[in-house]
Amino acid sequence: MNCLHLTHTFLGTPTACTKFQKEYDLLMDSGIDSEYRCPLIPVTDNKTDHSCLKEVALNFYLEDGRHHHMVVEEGLRASDLCSLLTLKFNLVRSNTWTIVEQFRDLEIERALEDHEEVFQMYTASWNLSSCDRRFIVRQDFHKYQFFQNPESFYPLELVDLESQLDCPAKSTVVTKIIVIQNMLHLGNSMPVVQSFLWFKDSTLNSWRKYFFRIEDNILSFSLIPGRKDPKQMRSLLDLRNCDIFMPIEGKSNGSTTNFSFCLKPRSLERSITDLKWFCCGTEKGRKCWIVALRLAKFGKRLRENYSETKSRRYSVDNSPLYLNIGEHHGITFDSLSCKQIQVAMDFRRKSGHVVQNSVELKAVAAVETKNRKQEASIVQAVQPPIQPTLEFGVPNLQPWFYSGMTREVATQLLTKYRTVDGVFLVRESHQNPGRFVLSYVFNQKMHHTEIYPVS
């Protein structure tokens, strides 16, 4: 009996508990000796030799159908690839962008975590040469929201805190939420989630209801359908070796409700349709199970991703460039999308006011332009001419401008984005002071072109 297939008698209607125990003991002959003594799904090596590959060319699509062809190199993380694609597609810079791997013929998809390497995930996955596989670039605003609002993702009736901590069942709701939040941010273990779920895999012709439980990295279930029996709990999957999939929106997989998800063991010995389907009663229940599955699979790595996301957001919002612009022009920044919100102001009076009329706006602009010209003529008459450097004019306020950067440093910086044509920066020329150099990427090569002033 192959431990990847659970027979109909194993998950069927029981006639006696001893019968199920005998069936289960047969599966235990795999020789696995662990804390759980369970037939966990093994991970087999990929038969396809990808050792010689260091990069792969893939197409990435937006929801509106636009796509770009990019070369993904070994070691490129999903978060870094999202940063490149936002430049490629000219999208709003945000930490919410996610790479979604979609299998259109199977009608399932999964979101890659920020730390996952895209090349490795592509080559280490199943042998899907005959499948309609596509990578989608999509925003996921709830990616790490369970760290901020655990009460929205952890219904207390699905969480078993008593078995993990000294948290009595009669504790207040606020106390339980605080305990969950502390576990997510500081704890060594994650909240245990358990509930009844509808289940179906390749060995079952219909959906059946079992009691499931996630603790540490193990997904276990009760042998007797429709009954919660702690003594009959058996391990089903090691979630560290499984991929978490959701049905493509608008697609139906014949589940009892619309709140389904599935797990795919990472084993290339089985068919690509060897999926373990689960179904929840509500969308809130499915969100809870998806978060629990992600934490069981990746553990503290998700916490590190969340911390890195916050640090990247802070570095953008508080960079000297944005602080300088905001200080001089009254610009505020949305911490999520980093969009600039500008308001026209008139400071010619003692107290400034917002300019809402377009006619008044043009008049204010004309007056300010005239005043600047008069001030510039006075300064030129008093002071000697100044060489055009980076400290004067608009360029030092632009994100593409790097003051004092050398040719070597510019080449090293652009090398990280050599797969994206058009990435550029402007810097000072060290050979010809007072002039600028345009450094850019084209055909995966670095180019440096001096900009000559035109009178």
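This passage describes a pocket, the nonpolar cores and one loop residue in a predicted model.

The second largest pocket has a volume of about 1,100 Å³. Its lining comprises 38 residues, of which Glu 109, Ala 111, Asp 140, Met 246 and Ile 290 are the closest to the pocket centre. Two or more lining residues are contributed by each of the strands β3 (97-103), β4 (108-111), β5 (133-139) and β10 (242-247), and by the helix α7 (283-298). The largest share of this lining, eight residues, is from α7. By residue class, the lining of the second largest pocket holds 15 charged, 13 nonpolar and 10 polar residues.

Helix α7 also provides the largest share of the largest nonpolar core, with nine residues. This core has 43 residues, and those that touch the most other members are Tyr 154, Phe 212, Leu 219, Phe 278 and Trp 289. When residues up to four places away in sequence are not counted, the contacts of Leu 219 are Phe 212, Arg 213, Ile 214, Ser 235, Leu 236, Leu 237, Leu 239, Leu 263, Phe 278 and Trp 289. A second core, separate from the largest, consists of 29 residues, including Leu 58, Leu 84, Met 121 and Phe 135.

Leu 275 is located in the loop that runs between β11 (260-265) and β12 (276-279). The relative accessible area of Leu 275 is 6%, and the residue is therefore classed as buried, the cut-off being under 20%. Leu 275 and Lys 264 are 11 residues apart along the chain, with a separation of 5.1 Å between their C-alpha atoms.

Notes: Residues are numbered from 1 along each chain as its sequence is written. This is a predicted model: local features need pLDDT of at least 70, side-chain atom pairs count only at pLDDT 80 or more; totals for chains, interfaces and linings use all residues. Side-chain values use heavy atoms; hydrogens and water are left out. On a 1 Å grid over the protein atoms alone, a cavity is a set of points where a 1.4 Å probe fits but cannot get out, and a pocket is an open set with protein on both sides within 12 Å along at least five of seven lines; lining residues have an atom within 4 Å of a point. Grid points are joined across faces, edges and corners, and a volume is the space filled by probe spheres set on the points. Helices (H or I, at least four residues) and strands (E, at least two) are DSSP runs, numbered from the N terminus. Ala, Val, Leu, Ile, Met, Phe, Trp, Tyr, Cys and Pro count as nonpolar, Asp, Glu, Lys and Arg as charged, and the others, Gly among them, as polar. A nonpolar core is a set of buried Ala, Val, Leu, Ile, Met, Phe, Trp, Tyr and Cys residues joined through side-chain atoms within 4.5 Å. Buried means under 20% relative accessible area, exposed over 50%, partly exposed in between (1.4 Å probe, protein chains only). Contact means heavy atoms within 4.5 Å.
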